Amino acid sequence: MSTRILMVIASTRPGRLGPAVGDWFVRATAELGVDLDVADLAEVNLPFLDEPEHPSTGIYQHEHTRVWSRRVADADAFVFVTSEYNFAMPATLKNAFDYLHAEWAWKPCLFVGYGNTSAGTRGVQMARGVAGSLRMLSIGGDIFLRIADDMRDGVVVDSERLNGRAAAALRELCRVADVLRPLYRDGISVAPAVRADAAEVAPALPADVAELLVLQRCCWVDEAVANARLDLPALLESEGEVRESLRTWSTWCVRSGGRLVGSVRARRDGDIWEIGRLMVAPDHRRTGLGRRLLAFAEAQAPDSVEVATLFTGERSDRNILLYQKSGYALTGGTAPAGAVRLTKPLAA
């Protein structure tokens, strides 16, 4: 499994050197073949923290927060490229930290500081403390560049010494990310994560019906308990009814070790893309599989459909939270008895 590194360029001020430092780091580590996603905070353009709920709730009202959340959550580790302003890190980096909570946790991080007299060390020291409070692991081996010594005309001067340090630091970051993956991907005491990207999600076949029936009954027991009712269709459907649903819904599955561990279905209903039966086996929960399956189902919507909708129990707080974190909002309109309707605009 490849390691995905999010590089965050902290400074946004005019004339900043952060992008040049980031470009140098990418060049110096290119031979490693590591997936580096560069997030320039000047382009991310997060406003000063404007979410009404505490970040620990994971309930995000604004699309810019949800986009940032997905980008950070998808990363396995972080490289923070930061300057030093008045003995501290840039406010833009602190703001980017403060938007989120769980998305940062248990992932390793590396700092690349730059500046004049102190080479950015005091800014990094402050940022490292904040990262630790968010349960990130600073691996040490941070890199510091003195502008007068290591930069010429706004560009980092390539040298065997600096390039070697960058490559060694990134290798160590990837190794630590591999060790910590059971914490930040799976949670404690759960099965290995299954990546539900397009290459691993397959259309459901008639041969999958028996397993689909077992999975949905297993998953909807929690729904029955949360909503204090046993008359839920997913608990009452027969094998024949599940088989018939494959004719009227597009249904996709994910398997792990030969076992069906996740599924979702969708269909067009006029101008709406209706998503349903999102389910993940209990021993594969807290791995991100449900969120990835949901994103996959959304991506299958026809181009002419602009809204996705789904339903869940009115007391299913965990489901509602998951959907809200994925951009859905509780809305009015027709819903089955005891259920609520959530909708989300789909990107063009």
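Trainee: Let's start with leucine 32: does it count as buried, partly exposed or exposed, and what is its relative accessibility?

Mentor: Keep in mind that we're looking at a predicted model. Leucine 32 sits in the loop between helix 1 (18-28) and strand 2 (35-40). Buried would need a value under 20%, and exposed one over 50%. Leucine 32 falls in between, so it counts as partly exposed, at 25% relative accessibility.

Trainee: Which residues does leucine 32 touch, not counting those up to four places away in sequence?

Mentor: Don't look towards cysteine 218, since the C-alpha atoms of leucine 32 and cysteine 218 are separated by 43 Å. Those two are 186 residues apart along the chain. The residues that leucine 32 touches are Ala167, Leu170 and Arg171.

Trainee: Zooming out, what share of the contacts in the protein chain with a separation of 6 or more comes from residues 24 or more positions apart?

Mentor: The chain has 348 residues, of which 49% count as buried. Its secondary structure comes to 12 helices and 15 strands, and its C-alpha atoms fill a box of roughly 75 × 40 × 35 Å along the principal axes. For residues 24 or more positions apart, the share of those contacts is 73%.

Trainee: On strand 6, which residues make up the covered face and which the uncovered one?

Mentor: In a regular strand the side chains alternate between the two faces of the sheet. Strand 6 covers residues 143-146 and runs parallel to strand 4 (residues 108-115), with 4 bridges joining them. One of the residues paired here is valine 112, whose bridge partner is isoleucine 143. The covered face has Ile143 and Leu145, and the uncovered one has Phe144 and Arg146.

Trainee: What are the edge strands of the open sheet with 7 strands?

Mentor: The order in that sheet is 9-10-11-12-13-15-14, with mixed pairing. An edge strand pairs on one side only, and that holds for strand 9 (202-203) and strand 14 (329-331).

Trainee: At the strand 9 end, which residue is the bridge partner of proline 203?

Mentor: Strand 9 is joined to strand 10 (residues 250-256) by 2 bridges, and the two run antiparallel. The partner of proline 203 is in strand 10, and it is tryptophan 252.

Trainee: What angle does the direction of helix 11 make with that of strand 12?

Mentor: Take helix 8 (residues 209-227) as a reference: it packs on the sheet, and its direction makes about 90° with that of strand 12. Helix 11 (residues 289-299) packs on the sheet too, touching strand 10, strand 11, strand 12, strand 13 and strand 15. Its angle with strand 12 is about 155°.

Trainee: Glutamate 298 is in helix 11; is it buried or exposed?

Mentor: Check its surroundings, leaving aside neighbours within four places in sequence: glutamate 298 is in contact with Trp273, Ile275, Tyr328, Lys344 and Leu346. The cut-off for buried is under 20%. At 12% relative accessibility, glutamate 298 therefore counts as buried.

Trainee: And aspartate 283, how does it count by relative accessibility?

Mentor: Aspartate 283 has its place in the loop between strand 12 and helix 11. Its C-alpha atom and that of valine 307, 24 residues along the chain, are separated by 31 Å. At 33% relative accessibility, aspartate 283 counts as partly exposed.

Trainee: Why are the buried residues of helix 12 on the same side of the helix?

Mentor: The buried residues of helix 12 (residues 317-325) are Ile320, Tyr323 and Gln324. They end up on the same side of helix 12 because they cover an arc of only 100° around the axis.

Trainee: Which residue just after helix 12 takes a positive phi?

Mentor: Helix 12 itself uses its buried residues to pack against elements including helix 3 (63-73) and helix 11. Just after the helix, phi is about 105° at glycine 327.

Trainee: Last one: which element gives the most to the lining of the largest cavity?

Mentor: The count is 1 cavity of 30 Å³ or more, and the largest cavity holds about 80 Å³ of space. Among its lining residues are Leu212, Val242, Arg265 and Met279. Helix 8, helix 10 (239-248), strand 11 and strand 12 each give two or more residues. With 3 residues, the one that gives the most is helix 10.

Terms used. Residues numbered from 1 in each chain as written. Predicted model: local features only at pLDDT ≥ 70, side-chain atom pairs only at ≥ 80, totals over all residues. Heavy atoms only, no water. Pairing = 2+ DSSP bridges. Contact = heavy atoms within 4.5 Å. Axes fitted to C-alpha atoms, helices over the stretch in contact; angles between N-to-C directions. Buried < 20%, exposed > 50% of the residue type's maximum accessible area, 1.4 Å probe, protein only. Arc of directions from axis to C-beta. 1 Å grid on protein atoms, 1.4 Å probe; cavity = no way out; pocket = protein on both sides within 12 Å on 5 of 7 lines; lining within 4 Å. Points joined across faces, edges and corners; volume = space filled by probe spheres on them.
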